[in-house]
Amino acid sequence: MRMIVQELILEGQGAQLVIQNMGMEQMNLTLHAKERRNQSDRTVLFPGGQGRHLTNPELIAEKRRLENEKKEKELAKERRKAAKANKKALKQQLEERWKEVCHAHDAAVAAWEIECLRLKGIETATKDLPKKPKRVLKKSLVEKKAAGESDEEESESSDDD
């Protein structure tokens, strides 16, 4: 009986050590990630905290490389900002064009309804009534803008119908 109890105690202690080890490994990973993330360009220039002559050609080349990387990052940031503004402007133009298309379609449907009422008044067969005008899909407007068609080409093609 005494052996069984002692084995259970040892088993519990071993399990506790495994869990503690897992926690320590996770804490070490987190700590090292935080330390590595906060390295500045100065720590890159002076690895290991050792001093160097500032006229050393390798140090000068490393400093120029770091400055170039910083400029590249700033340029990339500006390009992303400009692309985002351009995309927003295109989206706004598309929304305005979509509203125009919707208003034109509503006007065409109203004219169609009046025409149908007039034709029904003179007793035209239902099968001979004109078909209801279809609205352009928003997807097709996006594809036209992506293909680079101008608004003049779209208006000329709609006048021919």
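**View 1. Lys138 is partly exposed, with a relative accessible area of 30%.** In this predicted model, the side chain of Lys138 meets the side chain of Glu95 in a salt bridge, at 2.8 Å from N to O. The two partners come from distant parts of the chain: Lys138 sits in helix H4 (residues 138-147) and Glu95 in helix H3, 43 residues apart. What is the relative accessibility of Glu95? Its value is 27%, so Glu95 counts as partly exposed too. Lys138 also appears in View 2, among the contacts of Trp98.

**View 2. Trp98 belongs to the largest nonpolar core of the model.** Which residues make up this core? There are five of them: Leu94, Trp98, Val101, Cys102 and Leu141. Helix H3, which spans residues 57-121, gives the largest share, namely four residues. Now centre on Trp98 and set aside its neighbours within four places in sequence: the contacts that remain are Arg135, Val136, Leu137, Lys138 and Leu141. Leu141 is thus a core member as well as a contact of Trp98, while Lys138 is a contact of Trp98 that also forms the salt bridge with Glu95.

**View 3. His105 is found in helix H3 and meets a backbone atom of Arg135.** Is His105 buried or exposed? With a relative accessibility of 15%, His105 counts as buried, because the cut-off for that class is under 20%. The His105 side chain reaches the backbone nitrogen of Arg135 at 3.4 Å. When neighbours within four places in sequence are left aside, His105 is in contact with Pro133, Lys134 and Arg135. Arg135 is worth a second look here, as it is listed among the contacts of Trp98 and among those of His105.

**View 4. Arg97 and Glu100 join their side chains in a salt bridge within helix H3.** The N to O distance for this pair is 3.6 Å. How far apart are the two residues in helix H3? They are three residues apart, so about one helical turn separates Arg97 from Glu100. Both ends of the bridge are partly exposed: Arg97 has a relative accessible area of 22%, and Glu100 has a relative accessibility of 47%.

**View 5. Glu115 and Arg118 form another salt bridge of helix H3.** Here the side chains meet at 2.6 Å, N to O. Glu115 and Arg118 are also three residues apart, which means about one helical turn between them. Glu115 counts as partly exposed at 30% relative accessibility, and Arg118 counts as partly exposed at 46%. Elsewhere, Glu62, Arg65 and Glu69 are joined into one network by salt bridges that share partners. A search of the whole structure finds five salt bridges.

**View 6. Asp128 has its place in the loop between H3 and H4.** Is Asp128 buried or exposed? Asp128 counts as exposed, since its relative accessibility of 52% falls in the class over 50%. For a distance to check on screen, try the C-alpha atoms of Asp128 and Cys116: they are separated by 9.9 Å, and the residues lie twelve apart along the chain.

**View 7. Met1, Val5 and Ile9 form a nonpolar patch on the surface.** Together these residues have about 340 Å² of accessible area. Where does Met1 lie? Met1 is in the segment before helix H1 (2-37). At 79% relative accessibility, Met1 counts as exposed.

**View 8. Zooming out, the protein chain comes to five helices and zero strands.** Read along the sequence, the pattern is α-α-α-α-α. How many of the 161 residues, as a percentage, count as buried? The share is 9%; His105 from View 3 is classed as buried. The chain exposes about 14,500 Å², and carbon and sulfur atoms supply 56% of that area. Looking at contacts between residues at least 6 apart in sequence, 46% join residues at least 24 apart. The salt bridge of View 1 links residues 43 apart, with Lys138 in helix H4 and Glu95 in helix H3.

Note on methods:
Residues are numbered from 1 along each chain as its sequence is written. This is a predicted model: local features need pLDDT of at least 70, side-chain atom pairs count only at pLDDT 80 or more; totals for chains, interfaces and linings use all residues. Side-chain values use heavy atoms; hydrogens and water are left out. A nonpolar core is a set of buried Ala, Val, Leu, Ile, Met, Phe, Trp, Tyr and Cys residues joined through side-chain atoms within 4.5 Å. Buried means under 20% relative accessible area, exposed over 50%, partly exposed in between (1.4 Å probe, protein chains only). Contact means heavy atoms within 4.5 Å. Accessible areas come from the Shrake-Rupley method with a 1.4 Å probe; for residues, only the protein chains shown count as cover. A salt bridge is a side-chain nitrogen of Lys or Arg within 4 Å of a carboxyl oxygen of Asp or Glu. A polar contact is a pair of N or O atoms within 3.5 Å; within protein, one must be able to donate a hydrogen and the other to accept it, and residues adjacent in sequence count only if both atoms are side-chain atoms. Patches are made of residues with over 30% relative accessible area and no salt bridge: like charges are joined within 9 Å, nonpolar side chains (Val, Leu, Ile, Met, Phe, Trp, Tyr) within 5 Å.
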